[in-house]
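Please open the model in your viewer and keep the sequence panel beside it, since this tour moves from one selection to the next. At each stop you will be told what to select and what is to be found there.

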Amino acid sequence: MTIAPELQFSLLTEPIIRYRRASDGQTVNASLPELFVALAVDEVRDYPALRPHQRHPWHAFLVQLAAITLHKAERTAVFETAQEWRDALLALTPDDPDGAAWCLVSPPNRPALLQAAVVGGSISEWKSEAYAADEIDMLVTSKNHDIKGSRAHRAQPEDWLFALLSLQTQEGFLGAGNYGISRMNGGFASKPGVGVAAVGLPGTRWARDIAALLARRDRTVEAHGFQEEGGLALVWLIPWDGLGSLSFAKLDPFYIEICRRIRLRSMDGKIMSVGAGSKTARIAAKELNGLTGDAWTPIDVEGGKALTITANGFNYKLVSELMFGGKYQPPTAHNLDQPVSGSSLIFITQGITRGQGKTEGYHERRVPISPKVRGLLMTNQKAQLERISGQRIAAIGEIRSLVRNALIVLFENGRIKDFRQASKAHEAKVGKFLAVIEVAEDARFFDDLNEEMEAEDPAAQRLQWLLGVVERAEVILKTAFDAGPRSGIQKYRAQSAALSRFHGGLRSDKFPIPDLVNYYRQQTIKRQEETSDNA
């Protein structure tokens, strides 16, 4: 395949993408077809230039593109050679047989990778210029501290590739003329990446997700009104004047979208970009609320909208709901109806929290799925898991409430006239210590849950977990003593009253965790009997 001089940085023929080989850790430079071959034999360990927030867009792109290519070729098995992949990818762009649509740089009147052709062919009036790859990336922070902007002035073509992909497939609304993607619930929402994978290398997950998309293609077409055949899969192939939107009904179910008018240019061997605004979103899908059949996006069933990641990220409450609850419809990549090699599975959640004109952090979580939990999930027995995880979430909340009350007693010097008023007065100070409890329990929640699920005596294991939560909570309560009264008499009175409030609450008949109440009652009876015997 011969590439014309005006076409530069072709993913079909040039070794633009770097990956580390799984067998020996050596860095390999590969074209996209060569990367697909390496993924198919599970020889990819990671991508050294890929930044954390770009992981899901890159994985989704590789999966969607492979699924589109295989469906077009009327097959489900991946190709075995780079030439087969190259030919099949080129067959997706029949109007551009020279491969322009797979190049990072092409003439403005031609499509380029993830860049629509410019109607009229002129970009002389486009004013938004960027000379560093991360300037076009979607990651914008209010304090510019999550990831420093405009650092990649010495960016390689793959840096521009990853930044361009991040912009075009997960960006939201950033003011007039800067519209976001269709695959999320509104311009200030976020695009999550939720799925299940075998523990191991990226190739295994890539192959599994391809198979899942192909297996559920007909169902996705029917559920969302896509074109069964002949729909637009690579959205950048259609010229864009910035005035019109594409009909959602004309799309392929695996479509890879773009949301911004941008073109990469090569100047003295270095890449830069120019951009312009648009009058409308590229895809007319605002009323869908993110219900686009995306393979990695859970759907809020009652709300009829895609999941939006809040500033809390994927905390244990949300992940429990996603894994075991009924609030969200699992996306294609979450379903366990596709076989996976190996016995160990993980539940993966990824995404960026977006706000108005900024992001509020990147969130990623990988939760091990124990063999028993996997068995229950595969046999549609989520109710048991939902009940157990729900009980644990509630227990953490009750114990946290005891600590909250004890902290208020502490900060009121052990004397409280009006508990409600005292609660408001010390809300900020109390909240800092309660947040420590949340973080600590969040970090170990699923490991502890798996231990109970795999235990020979789950009830005994749960009691040990409850006692552990209490012990850790008391430690945090005691660390707050330094923030309480400092003078002698007040100090000891306040600390004693706080501990008394905490322990008294655990032993109260009104405390809604009977296992703990009964345990402490038995401990009291046992001590009384020992005292009686000693007397």
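Is E74 exposed or buried? With a relative accessibility of 74%, E74 counts as exposed, where exposed means over 50% relative accessible area, buried means under 20%, and partly exposed lies in between (1.4 Å probe, protein chains only). Before going further, please note that this is a predicted model, in which local features need pLDDT of at least 70 and side-chain atom pairs count only at pLDDT 80 or more, while totals for chains, interfaces and linings use all residues. Residues are numbered from 1 along each chain as its sequence is written, and side-chain values use heavy atoms, with hydrogens and water left out.

**The whole protein**

Zoom out until the whole protein is in view. Its C-alpha atoms fill a box of roughly 100 × 45 × 45 Å, taken along the principal axes. The protein has 15 helices and 18 strands; these are DSSP runs numbered from the N terminus, with helices (H or I) of at least four residues and strands (E) of at least two. Of the 535 residues in the protein, 50% are buried.

**E74 and a negative patch**

Now select E74 again, and you will find it in the loop between α2 and α3 (82-90). The phi angle of E74 is near 60 degrees, which is a positive value in a residue other than glycine. Add D218, E222, E228 and E229 to the selection, because together with E74 they gather in a patch of negative charge on the surface, a patch being made of residues with over 30% relative accessible area and no salt bridge, in which like charges are joined within 9 Å, and nonpolar side chains (Val, Leu, Ile, Met, Phe, Trp, Tyr) within 5 Å. For the charges, Lys and Arg count as positive and Asp and Glu as negative, whereas His and the chain ends are not counted. One member of the patch, E222, sits in helix α7 (residues 217-224), and E222 is exposed, with a relative accessible area of 71%.

**Salt bridges across the sequence**

A search of the whole structure finds 22 salt bridges, each being a side-chain nitrogen of Lys or Arg within 4 Å of a carboxyl oxygen of Asp or Glu. Select R55 and E364, whose side chains meet in one such salt bridge at 2.8 Å, N to O. Since R55 lies in helix α2 (residues 55-72) and E364 in strand β18 (residues 358-369), the pair ties together parts that are 309 residues apart in sequence. R55 is partly exposed at 35% relative accessible area, and E364 is partly exposed at 27%. Keep E364 selected and add R366, with which E364 also forms a salt bridge, the closest N and O atoms being 2.9 Å apart. R366 is partly exposed, with a relative accessible area of 44%.

Next, select K317 and E438, whose side chains meet in a salt bridge of 3.8 Å, N to O. K317 lies in helix α8 (residues 316-324) and E438 in helix α12 (residues 427-454), so this pair ties together parts that are 121 residues apart in sequence.

**A hairpin**

Move to strand β2 (residues 17-21) and strand β3 (residues 27-30). Strands β2 and β3 pair in the antiparallel sense over four bridges, where two strands pair if DSSP finds at least two bridges between them. R18 has N29 of β3 as its bridge partner. The two strands β2 and β3 form a hairpin with five residues between them, and G25 in the turn has a positive phi of about 75 degrees. On β3, colour V28 and A30, which make up the covered face, and then T27 and N29, which make up the uncovered one.

**An enclosed strand**

Select strand β10 (residues 251-256). Why is β10 described as largely enclosed by the rest of the structure? Six of the six residues of β10 are buried, so this strand is largely enclosed. Two bridges join β8 to β10, and these strands run parallel; L234 has I256 of β10 as its bridge partner. Within strand β8 (residues 232-234) select A233, which is buried, with a relative accessible area of 10%. The C-alpha atoms of A233 and I68 are separated by 7.1 Å, although these residues are 165 residues apart along the chain.

**Last stop**

Finally, select N413, which is found in the loop between α10 (382-411) and α11 (419-425). N413 has a positive phi of about 60 degrees although it is not a glycine, and at 26% relative accessibility N413 counts as partly exposed.

Terms used: Accessible areas come from the Shrake-Rupley method with a 1.4 Å probe; for residues, only the protein chains shown count as cover. The place of a charge is taken as NZ of Lys, CZ of Arg, CG of Asp or CD of Glu.
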